[in-house]
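Let's take a walk through a protein model together, going from one spot to the next. Have a look at the picture first, and then we'll start with a single residue.

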Amino acid sequence: MNRQRELTDLLNRLGYEYYVLDNPSVEDKEYDRLYDELKALERESGEVYFDSPTRRVGGEPIKAFARHEHVERLYSLDKAVTDDELSAFFTRVSKVCPSPVYTVEYKFDGLTVCLTYDRGKFVRATTRGNGTVGEDVTAQALTIKSFPMTISYQGLLEVRGEAIIRLSVLEEYNKRAAEPLKNARNAAAGAIRNLDPAVTAKRKPEIYFYDVNYMSEPVVHSQTEAMDFLRKEGFKVYDFLRVCVSPEEVKNAVDEIEIERKHIDVLTDGAVIKLNDFAYRDAMGFTDKFPRFALAFKFEAEEKVTTVKDVVWQVGRTGKLTPLGILEPVDLGGATVKKATLNNFGDIQKKDVKIGSKVLIRRSNEVIPEILGTVEHAEGASVVEKPTVCPYCGAPVLENGANLFCPNEDCKPRVVAALAHFASKDAMDIEGFSEMTAGQCYEVLGLRTFSDLYALDDAALSRLDGFKEKKIKNLLSAIQKSKQIPLDRLIFALGVGGIGKVASKDLVEAFPSLEALCSATEEELLSLENIGEITAKNIVSYFADERTGRSFPAFSRSA
Ligand SMILES: [Zn+2]
């Protein structure tokens, strides 16, 4: 066998171990080395095999999603939320099926995708859409490595799975994102339904497969066989499937999921119950909307109604104004909630939120609860005005799309947030320089830039409340120590839009000094794998800004 074929097969096997089995047998470095060797061979031969892993990095952004008609309609499931509704389902089944066997699995909360294979090869990926027609998301799906390019089954096949973003991955992503994503479901849907496959790749979605939707020559006859088939063909399958022979066993399995789901790394909103035997499924048939042989049992969402007392505007380090709803305190999933997020002014209008409105709030497994919508307006509820000036510094705000920005770079919350990010653990790691300290330094000492931070001394710090000898000494030494931090951490600390920890490392590899990075052109930056167009523009305009030059700490310039 030629080396290129051999490497393609080997890398596919290693990718399968890594992405599907979560059980890699070689170190990342070794994988990267083999990958580079394959890339070189492909350049040399001018040929890229159909199943080459180098095809799975995402292509160019697309203009629009093509529509695609599914071979077989993708039904959504009928829902039950009470035990009575569940019992009614068992009754309906028992009228048609003498001794039904059920399967129970997790219902993941992401975006449903459908993959088509023909003659053993991956053809396309589509969203469910309205069930009959979906959107072609092949370019986006290719960046996800939870499924094979080739399979042994040779007929026409459509399989179905849920694209998700792990909660831990979302948390990591949000730590370094200029625009944090609010919940895992939106994050997954936004990753797949994004015209730029590079964005899909960056959010690291995965797909768990759970259904064989169509098979031209059926070789599976039950849900358990379908899951075995998927697993055997190399699809990622979540390792939980209960086979139940009585309603009691089904209820136990549902309870098990309701408890366990709080501990797993994937957002779930229920359990899916299906008749295992496909012959029984045929006997049960469909309503005009749903299959009669399956049911989604949805757990009670953590949602409450409360009153909006006020809407305040927060200014972040990019200057973006974000509205925050101040709520009548309410207990939600064991915690007292007093605030909830809204995205921007457009979101307030869309959800018709007024001061005095009763709103529905929800907390999923994520950070701050969100306001889902307005339930009713109290008498005298007042409209939330769109701010024309920054609530902190009074500068006239700028509008950019749906968002409002304070353009004043000296605006206190902007400076304080930027300084706090600069000093944070993952950035310059200046222990003792909290957001509160940053605020004091801003007010009392007129601290504005990163460079000012390195000019702090004994005399200055002793003017701050609560700063005694020891605290001053510790902070000054932490500031000194931060000068030794590697360049990539400094670049991350600067807080340029789109530059997270990973991108900072990539940048330093390509531009080993700050001077080199300062003079990098947009084209040079775009040639890096993890840098997209907007980020490249951000970098160039950041370093072109003369203010930035003043803001740099002096030590960061190499001799
Ligand atoms: Zn301002």
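Start at Cys 390. Its relative accessibility is 2%, and because buried means under 20% relative accessible area, Cys 390 counts as buried. Keep in mind as you look around that this is a predicted model. Now hop along to Cys 411, which has a relative accessible area of 1% and is buried too.

So what are these cysteines up to? You might guess at a disulfide, but a search of the whole structure finds 0 disulfides. Look for the zinc ion instead: Cys 390, Cys 393, Cys 406 and Cys 411 coordinate it through their SG atoms, at 2.2 to 2.4 Å. What arrangement do the 4 donor atoms make around the zinc ion? The angles they subtend run from 101 to 117 degrees, so the arrangement is tetrahedral. If you read along the sequence, the donor residues follow the spacing C-x2-C-x12-C-x4-C. Cys 390 sits in the loop between β16 (370-383) and β17 (398-400), while Cys 411 sits in the loop between β18 (403-405) and α12 (412-423). That is why the pair ties together parts that are 21 residues apart in sequence.

Next, let's step back and take in the whole chain. You can count 22 helices and 18 strands in its secondary structure. Its C-alpha atoms fill a box of roughly 85 × 75 × 45 Å along the principal axes. Of the 559 residues, 48% count as buried. The chain exposes about 27,600 Å², and carbon and sulfur atoms supply 50% of that. How far apart in sequence are the residues that touch? Take the contacts between residues at least 6 apart in sequence: 67% of them join residues at least 24 apart.

Now let's go inside. The largest nonpolar core has 49 residues, and Phe 422, Ile 430, Phe 433, Leu 507 and Leu 525 are the ones with the most contacts inside it. Which helix gives the most to this core? That would be helix α17 (residues 487-494), with 6 residues. For a closer look, pick Leu 507 and ignore its neighbours within four places in sequence: Leu 507 is then in contact with Ile 491, Ile 499, Leu 517, Leu 525, Leu 528, Ile 531 and Ile 539. Apart from the largest core lies another one, of 33 residues, with Ala 80, Val 93, Ile 164 and Tyr 208 among them.

Another stop is Ala 141, in helix α4 (residues 138-141). This alanine has a relative accessible area of 5%, so it is buried. Leaving out neighbours within four places in sequence, Ala 141 is in contact with Ala 125 and Phe 147. You can also find Ala 191, which is 50 residues from Ala 141 along the chain, although their C-alpha atoms are separated by 9.6 Å.

Finally, a couple of backbone oddities. Most residues other than glycine have a negative phi. Asp 22 is not a glycine, yet its phi is positive, about 55 degrees. You'll find Asp 22 in the loop between α1 (3-20) and α2 (28-45). Asp 429 also has a positive phi, near 55 degrees, and its place is in the loop between α12 and α13 (435-445). Is Asp 429 buried, partly exposed or exposed? With a relative accessible area of 30%, Asp 429 is partly exposed.

Methods: Residues numbered from 1 in each chain as written. Predicted model: local features only at pLDDT ≥ 70, side-chain atom pairs only at ≥ 80, totals over all residues. Heavy atoms only, no water. Disulfide = S-S within 2.5 Å. Buried < 20%, exposed > 50% of the residue type's maximum accessible area, 1.4 Å probe, protein only. Core = buried A, V, L, I, M, F, W, Y, C linked by side-chain atoms within 4.5 Å. Helix = DSSP H or I, 4+ residues; strand = E, 2+ residues; numbered from the N terminus. Contact = heavy atoms within 4.5 Å. Donors = N, O, S within 2.8 Å, 3.2 Å for Na, K, Ca; no water. Tetrahedral: all angles 85-135°; square planar, octahedral: opposite > 155°, others 65-115°. Areas by Shrake-Rupley, 256 points an atom, 1.4 Å probe, with all protein chains shown as cover.
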